[in-house]
Amino acid sequence: MDGKRISGEVEIHQNGLRYVDHRGSKIDILFSNVKHLFFQPCTHELIVIIHVHLKNPIMIGKKKAKDVQFYREATDMQFDETGNRKRKHRYGDEEEFEQEQEERRRRAQLDKQFKRFAEEIQTAARDEGWGVDIPFRELGFNGVPNRSNVFMQPTADCLVQLTEPPFTVLTLDEIEVAHLERVQF
């Protein structure tokens with residue numbers, strides 16, 4: 001809310017999404033106002049993302065927002081290594097390898113959950129004419145759409161940057177002229 005990251009729950013309804021934060025504030029997103037829906041897995045990223053780009057801005061707190069994002073951190077910062085009982089019996093590389101395996105398993109599970117939720121959103125909005133779009137990381141490049149250098153990624157319909165605010169979503173059908181500087185092959 002107000003550009004801040006606040007934890008809460010997202011629900012799928014018949015005509016849209018409802019986000020409810022821990023204080024009870026609600027934000028409703030109608031499917032008819034959604035222009036693009038993106039799912040970005042946590043491969044090479046610290047967060048897994050479901051990003052909604054709107055046709056018309058909505059009021060979130062006192063500000064207008066055209067992009068709404070739901071995410072979860074892929075790394076579990078709350079995991080306390082010192083309280084781990086297995087630590088007494090294992091040392092060194094074996095324990096580190098086990099932690100890396102657990103992290104990979106946790107990331108794969110998060111990707112699976114978020115992708116399934118994005119597909120459920122698409123199914124609920126099947127009459128709206130849009131679907132889940134996933135960025136192609138292999139085709140990504142660095143660019144400066146605003147004031148900082150970020151990693152831009154193409155999707156089937158857009159060119160996006162979803163990890164750092166302000167988010168960038170350019171619909172390819174709306175681009176008339178592209179100017180590229182310092183292109184290297």
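Me: Ground rules before we dig in: Ala, Val, Leu, Ile, Met, Phe, Trp, Tyr, Cys and Pro count as nonpolar, Asp, Glu, Lys and Arg as charged, and the others, Gly among them, as polar. With that in hand, how do the residues of the lining of the largest cavity divide?

Reply: Keep in mind that this is a predicted model. The largest cavity holds about 40 Å³ of space, and its lining is made up of Pro 145, Asn 146, Ser 148, Val 150, Gln 161, Glu 164, Pro 165 and Pro 166. Pro 145, Val 150, Pro 165 and Pro 166 go in the nonpolar bin, Asn 146, Ser 148 and Gln 161 in the polar one, and Glu 164 is charged. The split is four nonpolar, three polar and one charged.

Me: Gln 161 caught my eye there. It sits in strand 10, so are Cys 158, Val 160, Leu 159 and Gln 161 buried or exposed?

Reply: Strand 10 covers residues 158-161 and has Cys 158 and Val 160 on one side, with Leu 159 and Gln 161 on the other. To count as buried, a residue must be under 20% relative accessible area. Both faces of the strand are covered, and these four residues are all buried.

Me: Which residue in strand 11 does Gln 161 stand opposite?

Reply: Strand 11 (residues 168-171) pairs with strand 10 in the antiparallel sense over four bridges. The two make a hairpin, with six residues between them. Across from Gln 161 you'll find Thr 168.

Me: And on the strand 9 side, what is the bridge partner of Gln 153 in strand 10?

Reply: Strand 9 (residues 150-154) runs antiparallel to strand 10, and two bridges join them. This pair is a hairpin too, with three residues between the strands. Gln 153 has as its bridge partner Val 160.

Me: Let's move to the start of the chain. Why does one side of strand 1 and of strand 3 lack a neighbour in the sheet?

Reply: Three strands make an open sheet here, in the order 1-2-3, with antiparallel pairing. Strand 1 (8-12) and strand 3 (26-30) are left with one side free because each stands at an edge with a single partner strand.

Me: Which residue of strand 3 is the bridge partner of Tyr 19?

Reply: Strand 2 takes in residues 16-21 and pairs with strand 3 in the antiparallel sense, over five bridges. Tyr 19 falls in that range, and its bridge partner in strand 3 is Ile 27.

Me: What about the four-strand sheet: which strands stand at its edges?

Reply: That sheet is open as well, but its pairing is mixed and the order is 6-5-4-7. Each edge strand has a single partner, so one side of it goes without a neighbour. Reading off the two ends of the order gives strand 6 (63-73) and strand 7 (132-133).

Me: At about what angle does helix 1 run to strand 5?

Reply: Helix 1 (residues 93-124) lies across strand 1 and strand 2, at about 40° to strand 1. Helix 1 also lies across strand 4 (34-40), strand 5, strand 6 and strand 7. Its angle to strand 5 is about 30°.

Me: Now the pockets. Which element gives the largest share of the lining of the largest pocket?

Reply: This pocket has a volume of about 1000 Å³. Of its 32 lining residues, the closest to the centre are Ile 6, Val 68, Gln 69, Phe 70 and Tyr 71. Strand 1, strand 5, strand 6 and helix 1 each give two or more residues, and the largest share, ten residues, comes from strand 6.

Me: Which element gives the most to the lining of the second largest pocket?

Reply: Its volume is about 680 Å³. Of the 17 lining residues, Phe 141, Asn 142, Gly 143, His 179 and Leu 180 are the closest to the centre. By class, the lining has eleven nonpolar, four polar and two charged residues. The most, three residues, comes from strand 8 (residues 141-143).

Me: One more. How far apart in space are Arg 5 and Tyr 71, C-alpha to C-alpha?

Reply: Arg 5 is found in the segment before strand 1 and counts as partly exposed because its relative accessibility is 49%. Beyond neighbours within four places in sequence, Arg 5 is in contact with Tyr 71, Thr 163 and Pro 165. Arg 5 and Tyr 71 are 66 residues apart in sequence, yet their C-alpha separation is 9.5 Å.

Definitions and conventions
Residues are numbered from 1 along each chain as its sequence is written. This is a predicted model: local features need pLDDT of at least 70, side-chain atom pairs count only at pLDDT 80 or more; totals for chains, interfaces and linings use all residues. Side-chain values use heavy atoms; hydrogens and water are left out. Two strands pair if DSSP finds at least two bridges between them. Contact means heavy atoms within 4.5 Å. Axes are lines fitted to C-alpha atoms, for helices over the stretch in contact, and angles run from 0 to 180 degrees between N-to-C directions. On a 1 Å grid over the protein atoms alone, a cavity is a set of points where a 1.4 Å probe fits but cannot get out, and a pocket is an open set with protein on both sides within 12 Å along at least five of seven lines; lining residues have an atom within 4 Å of a point. Grid points are joined across faces, edges and corners, and a volume is the space filled by probe spheres set on the points. Buried means under 20% relative accessible area, exposed over 50%, partly exposed in between (1.4 Å probe, protein chains only).
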